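Work through the exercises below with the sequence and the coordinates open. Try each task before you read its solution.

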Amino acid sequence: MQLVIVPAWRRPEFLWACLQRLQAADRPDLRYLISLDRGHTYEVARIAAQFRKRLGAGRVEVVNRRHAFQGNSYNVLESYREAVFVRRVEPTLVHLVEEDILVGAGYFDFHDQAHALHPEVFAVSACRNQQYLVGTEPPADPTAVFTHPSYQSLGVSFRPHMVRQFAVHAARPYYRQPGPYCGRAFPNSTIPAGHCEQDGLINRVREHAGLSTAYPAVPRAYHAGFYGYNRRGGWVQPGDDPRERPEQRGARLLAMAADDLNHRARHYKNLATIPLDESRPAVTHTIRWPE
């Protein structure tokens, strides 16, 4: 059994599109935890409930997080902590697919293959490595992966023992003061002090252990989040119908090219898409990149 954590908040059209793609890539061994952060909207809860109804209550759990902490770290880290310290059956892999990640065909097979090639890595990400600008890409070899000393919370998976390394920090001292906590726990970190939310904490654990993340030479998913918690803006743009249902917006989102996504982004116009339904061969080898 593999567990897929899907954190969600206030972007129903993104959640709808994300879950459509997860259902397209679904396998019988997958179980889903849709974790709704405090202050989530009615539409987000409705779409999560629909997904649970489609796949069945035995495969999809929906939880509502109630807390008084800032940001999305509590929602994400509590889901990780429960995955490895609370559940009766430990997953063989723990995935995180945030609501603005759209996965392609063979997404979960890619994770299996990358972990088999590199059982020593900290994590596997199926998205492009965002340490590099769009247009700076490895050779387009769909059978290849590369490792890199970085971490990104985009289409990632971990072996359970790696999750335990950072889930032990999921407690009140970190949630109350993430910046000071990271400074005390990782005094020699080279990661900027302000980068202390859940992905920054996890990256410090990776850095402290001296580990890398495996990335695809040809991505199997992409980040579509042109607005969100860390990106100002919203869905409705000039010419849009504000009365559209989330399902209608989600369907349009799935059809958007990179130019469309970046046009809607106020900041960080670094979104790149992939053909989501394209069949790709198994990854079989590792390349060195950057060379």
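## Exercise 1: The largest cavity

The largest cavity is lined by Arg128, Asn129, Tyr132, Thr136, Glu137, Pro138, Phe146, Pro216, Ala217, Pro219 and Trp289. The model is a predicted one.

**Task.** State how many cavities of 30 Å³ or more there are, what space lies in the largest, and how its lining divides by class.

**Solution.**
- Step 1. Count. One cavity of 30 Å³ or more is found.
- Step 2. Take the volume. The largest cavity holds about 60 Å³ of space.
- Step 3. Sort the lining. Seven residues are nonpolar, two are polar and two are charged.

## Exercise 2: The second largest pocket

**Task.** Give the volume of the second largest pocket. Then say which lining residues are closest to its centre.

**Solution.**
- Step 1. The second largest pocket has about 250 Å³ of space.
- Step 2. It is lined by 19 residues, and the closest to its centre are Arg128, Glu137, Pro219, Ala272 and Ile274.
- Step 3. By class, its lining has 13 nonpolar, four polar and two charged residues.
- Step 4. Look back at the cavity. Arg128, Glu137 and Pro219 are also among the residues that line the largest cavity.

## Exercise 3: Strand β9 and its partners

**Task.** Which strands pair with β9, and in which sense? Are the faces of β9 covered or open?

**Solution.**
- Step 1. Take β6 (residues 123-125). It pairs with β9 in the parallel sense, over two bridges. Ala123 has Thr213 of β9 as its bridge partner.
- Step 2. Take β7 (residues 144-148). It pairs with β9 in the antiparallel sense, over four bridges. Phe146 is bridged to Tyr215, and Thr147 to Ala214.
- Step 3. Check the faces of β9 (residues 213-216). Thr213 and Tyr215 are buried on one side, Ala214 and Pro216 on the other, and both faces are covered.
- Step 4. Follow β7 further. β7 also pairs with β11 (residues 285-286), in the parallel sense and over two bridges. There, Ala144 stands opposite His285.
- Step 5. Check the cover of β7. Four of its five residues are buried.
- Step 6. Link to the cavity. Phe146 and Pro216 are among the residues that line it.

## Exercise 4: Arg31 in strand β2

**Task.** Place Arg31 in its strand. Why does it count as partly exposed? What does it touch?

**Solution.**
- Step 1. Arg31 belongs to β2 (residues 30-36). In this strand, six of seven residues are buried.
- Step 2. Apply the cut-offs. Buried needs under 20% and exposed needs over 50%. Arg31 has 28% relative accessibility, so it is partly exposed.
- Step 3. Find the partner strand. β1 (residues 2-8) pairs with β2 in the parallel sense, over seven bridges. Val6 stands opposite Ile34.
- Step 4. List contacts. Beyond four places in sequence, Arg31 touches Met1, Gln2, Leu3, Val4, Gly58 and Arg59.
- Step 5. Compare distances. Leu3 is 28 residues from Arg31 along the chain, yet their C-alpha atoms are 4.9 Å apart.
- Step 6. Look at the side chain. A polar atom of it lies 2.9 Å from the backbone oxygen of Pro28.

## Exercise 5: Glu247 and Gln131

**Task.** Is Glu247 buried or exposed? Which residues are in contact with Gln131?

**Solution.**
- Step 1. Glu247 sits in helix α9 (residues 246-255).
- Step 2. Its relative accessible area is 17%, so Glu247 is buried.
- Step 3. Outside its sequence neighbours up to four places away, Glu247 touches Trp16, Arg46, Ile47 and Gln50.
- Step 4. Turn to Gln131, in the loop between β6 and β7. With neighbours within four places left aside, it contacts His148 and Ser150.
- Step 5. Compare Pro178. It is 47 residues from Gln131 along the chain, and the C-alpha atoms are separated by 23 Å.

## Exercise 6: Unusual backbone geometry

**Task.** Which peptide bond is cis? What is the phi of Tyr268?

**Solution.**
- Step 1. Recall the rule. Most residues other than glycine have a negative phi, and most peptide bonds are trans.
- Step 2. The bond between Trp289 and Pro290 is cis, with omega about -5 degrees. Pro290 is in the segment after β11.
- Step 3. Tyr268 is not a glycine, yet its phi is positive, about 50 degrees.
- Step 4. Tyr268 lies in the loop between α10 (258-264) and β11. Its relative accessible area is 53%, so Tyr268 is exposed.

How values were computed. Residues numbered from 1 in each chain as written. Predicted model: local features only at pLDDT ≥ 70, side-chain atom pairs only at ≥ 80, totals over all residues. Heavy atoms only, no water. Buried < 20%, exposed > 50% of the residue type's maximum accessible area, 1.4 Å probe, protein only. Contact = heavy atoms within 4.5 Å. Polar contact = N/O pair within 3.5 Å; in protein donor to acceptor, adjacent residues only side chain to side chain. 1 Å grid on protein atoms, 1.4 Å probe; cavity = no way out; pocket = protein on both sides within 12 Å on 5 of 7 lines; lining within 4 Å. Points joined across faces, edges and corners; volume = space filled by probe spheres on them. Nonpolar A, V, L, I, M, F, W, Y, C, P; charged D, E, K, R; others polar. Pairing = 2+ DSSP bridges.
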